[in-house]
Amino acid sequence: MLKNDPLENILYIDLTRRTFKIEKRPDLFEKYLGGTGVATQLLHEECPEGCDPLGPENPIIFAVGILTSLFPLASKTVALFKSPLTGNLGESHCGGRSAVSIRMAGYGAIVIKGASSMPVYLSIENGRVRFRDASTLWGMGNFSSGRIIRENEAGAGLRTIMRIGKGGEKLIAYSCVTTETFRHFGRLGLGAVFGSKKLKAVVVSGKSSLPVSDKKEYRKLYDEVYKTAVDSPVMKKYHDLGTAENIVPLSRFGGLPTRNLTAATFEHAAKMSGETFAKKYLGRRLACSHCPVGCIHIAALREPYEDVSYFYKTSMISYDYEPIYALGTMLGISRPADFLRLMDRVEESWGMDAMSLGVILAWATEAFERGLITTKETRGVRLKWGNVKGYIKAGGYIIDQPNDFYRALARGVECAASLYGGMEFALAFGGNEMPGYHTGPGAHLGYLIGARHSHLDNAGYSFDQKVLVEKKMKPEETIDALLAEERWRQILSSLVICFFARGIYTPELVTRLLSIGGIDLSTGDLDRIGRTIHAEKYRFKIREGFALDTVRLPERIFETPAPVSGLDKAYLTEALAYAHKTIRKELDAAP
Amino acid sequence: MRLTVLETEKCVGCQSCMFACSRRVGEAGLARSCIGVRSIGGMERGFSVIVCRACADPPCAKVCPTGALVPREGRGGVRVLPDTCIGCGHCREACIIGAVYWDDETNKPMICLHCGYCVDFCPYGVLGMQKREAENVEE
Ligand code: SF4
Ligand code: SF4
């Protein structure tokens with residue numbers, strides 16, 4: 001790493017004592033690059049074994065990488081914490097302005113510990129940290145709190161405002177943290193960890209200069225990366241229709257989970273397609289800082305007020321493939337406006353992970369259909385596929401938690417199913433609700449073995465569609481391929497490169513870019529570092545009680561046919577046993 | 001020629017232009033950027049792109065007590081003479097669009113040179129180079 005690179009600075013904030021300190025840890029960044037690699041080490045250092053995810057000792061760790069602000073698309077912030085949803089490794093990535101702001105404020109990582117006795121927000125500006133009273137903001141949604149902080153703080157255009165909605169305040173196990181109104185640390189409940197610390201928001205801003213090893217070479221390499229990012233066909237789909245483009249092809253393929261995965265094609269897919277959203281609703285395009293691709297699609301929904309004529313409200317609501325799956329097809333919703341109405345609540349007011357919420361409501365709908373729960377539990381709400389009004393009501397009750405049923409829903413689908421039955425159709429893997437792919441064994445094995453049980457860990461859904469669809473593979477071969485992908489992704493997320501850019505950030509290019517930041521590594525080194533980080537994550541998971549050989553397989557995934565064959569219990573069990581053994585070996589070999 | 005903001009509504013807020021302006025002098029980061037992109041009260045409303053407009057009779061130059069900002073003959077905008085500048089910040093106050101940026105290290109203003117380097121890095125055609133009216137007349 002180059003001298004004077006502020007990346008080595010770690011900002012430690014103690015909310016209990018209201019103190020902070022900055023420590024230099026060049027060792028960490030040289031060994032683990034940044035992002036998930038460094039954050040995993042910090043998690044081992046800071047998170048006591050067996051701690052309560054909602055207790056003051058659970059740390060929140062944000063980390064960015066050496067390439068952030070040097071090159072385009074190194075635009076994610078990685079957050080690590082112990083998840084209140086799974087009670088295990090919590091990892092979530094978010095773009096917006098977050099990564100650039102943290103880097104420009106002069107930090108490689110921020111660690112927040114302790115808990116405040118009253119609502120606060122943190123204002124971090126270069127070397128200064130202020131603890132500000134957030135009592136007035138408590139109870140406010142994402143838009144309003146964002147607006148107020150925006151008006152009160154400096155650094156317009158150079159800052160990130162991470163904040164929680166009501167979901168985080170109410171400690172909903174899958175509540176999210178929102179940045180820049182439309183981007184989220186969505187998965188695994190970071191919002192509740194904020195809420196448990198009475199931390200409403202974190203504002204970070206700064207503007208600095210970063211050293212490069214060779215100015216001329218820097219500009220040359222930059223031009224090369226920029227051109228590929230803008231011209232490359234691999235980025236085009238994110239640019240044009242955004243991720244929502246996948247709805248129709250996935251449904252046609254037969255891998256789009258529908259109505260709690262009682263089906264895997266949605267007869268109304270065309271109505272909920274990226275094309276329809278673009279044609280009828282697309283109102284604005286946005287990008288994360290330092291990303292020329294601009295995949296963020298915002299819909300404009302114009303609706304009349306019911307109580308007074310000639311008054312309209314225009315809401316700006318972000319949409320992507322995953323929320324359309326979770327709050328759309330999973331709930332049998334076939335009208336884009338209905339989906340947008342629900343999404344608006346989720347994003348603006350509740351601040352919850354759209355994916356978890358969708359899967360939970362889908363489970364509840366099926367449980368209601370089967371009579372496992374009645375209007376007694378739901379407080380009169382008729383949960384029915386496509387009935388958006390019912391879903392909006394139920395979501396509001398999850399926030400208010402008026403009875404045991406909604407308190408259970410607030411803790412995740414496995415908790416609810418353990419109390420009311422229907423575990424066989426409770427779609428969670430390792431405690432995390434299912435992502436939107438029922439493509440075949442790759443997808444499900446991917447969720448099961450992924451360190452955060454996300455489709456992004458190792459892209460099993462893509463392995464299904466690109467490889468397994470063509471040829472059968474032994475369980476071991478599938479696992480080896482998924483693990484290899486996951487190890488490489490440790491490098492990408494340590495450099496905080498957006499996964500959408502994985503096609504352009506090849507190992508060879510990464511080594512060249514790193515040398516501009518003064519880090520000389522070979523592709524072999526990268527491979528080794530990726531392995532170590534992956535092993536370190538699993539070391540944490542096992543420490544906190546996770547075991548691959550006992551992980552639950554929801555029956556439903558075997559009942560609804562997937563387009564790629566091989567999704568059967570025997571195959572999965574064999575694969576998991578092999579994964580268990582392989583990861584054990586990996587851990588023993590780790591330094 | 002001067003840098004012009006052609007169509008702010010197309011701006012996605014990627015800030016590629018800001019990074020380009022810093023890179024113009026070989027630097028990474030944002031400290032040296034003479035162009036700024038910020039949301040208009042929340043990203044849902046879009047962005048404003050703030051950069052020197054190359055005023056014909058620049059207010060910043062008019063208020064400079066030492067003559068450190070020299071209007072560029074016939075082309076609009078100013079040249080900063082760092083040795084003459086005393087860092088008083090009057091120019092910053094005088095620019096009502098906020099296009100006088102500040103170099104905190106040297107305590108001197110940074111103002112767009114209308115070099116056009118950033119234009120090639122705006123993926124959405126928000127920025128362009130335009131001839132000043134005066135230049136058109138000359139032709
Ligand atoms: S024209 Fe040149 S000086 Fe002006 S903002 Fe663009 S890159 Fe910077
Ligand atoms: S590069 Fe273009 S789209 Fe991006 S922020 Fe600048 S003006 Fe806006």
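# A tour of two ligand shells, two sheets and a pocket

Begin with ligand 2 in this predicted model: 13 residues surround it, and B:C11, B:C14, B:Q15, B:C17 and B:C122 come nearest. Colour that shell by class and you will find ten nonpolar residues, three polar ones and no charged ones.

Next, select ligand 1. Its surroundings include a run of chain B residues: B:C112, B:L113, B:H114, B:C115, B:G116, B:Y117 and B:C118. The other residues around ligand 1 are B:L3, B:C21, B:R24, B:I35 and B:V51. By class, this shell holds nine nonpolar, two polar and one charged residues.

Now move to chain A and show its strands as a cartoon. Select β8, β7, β12, β9, β10 and β11, in that order, to cross an open sheet of six strands with mixed pairing. At the edges are β8 (128-133) and β11 (183-185) of chain A, each of which pairs on one side only. From one strand to the next, the twist averages 20°.

Within this sheet, pick out β9 (residues 159-163) and β12 (residues 199-205) of chain A, which run antiparallel and are joined by five bridges. To find the register, label A:T160, which stands opposite A:V204 in β12(A). Then add helix α4 (residues 142-152) of chain A, which packs on the sheet. Helix α4 touches β7 (120-125), β8, β9, β10 (177-179) and β12 of chain A, and its direction makes about 140° with that of β9(A).

Which strands form the open sheet of three in chain A? Select β14, β15 and β16: that is their order, and the pairing is antiparallel. The edge strands, each pairing on one side only, are β14 (282-286) and β16 of chain A. Here the twist averages 25° from one strand to the next.

Stay with β15(A) and β16(A), which pair over eight bridges in the antiparallel sense. One point to label is A:R302, whose bridge partner in β16(A) is A:T314. Show α12(A) as well: it packs on the sheet, touching β15 and β16 of chain A, with its direction at about 80° to that of β16(A).

The last stop is the second largest pocket, with a volume of about 770 Å³. Of its 25 lining residues, select A:E303, A:K313, A:S315, A:D344 and A:R345, which lie nearest the centre. Elements already visited return here: α4, β15 (296-304), β16 (312-319) and α12 (336-350) of chain A each supply at least two lining residues, as does α15 (388-400). Coloured by class, the lining divides into eight nonpolar, five polar and twelve charged residues.

Methods:
Residues numbered from 1 in each chain as written. Chains lettered and ligands numbered in written order. Predicted model: local features only at pLDDT ≥ 70, side-chain atom pairs only at ≥ 80, totals over all residues. Heavy atoms only, no water. Pairing = 2+ DSSP bridges. Helix = DSSP H or I, 4+ residues; strand = E, 2+ residues; numbered from the N terminus. Axes fitted to C-alpha atoms, helices over the stretch in contact; angles between N-to-C directions. Contact = heavy atoms within 4.5 Å. Near = heavy atom within 4 Å. Nonpolar A, V, L, I, M, F, W, Y, C, P; charged D, E, K, R; others polar. 1 Å grid on protein atoms, 1.4 Å probe; cavity = no way out; pocket = protein on both sides within 12 Å on 5 of 7 lines; lining within 4 Å. Points joined across faces, edges and corners; volume = space filled by probe spheres on them.
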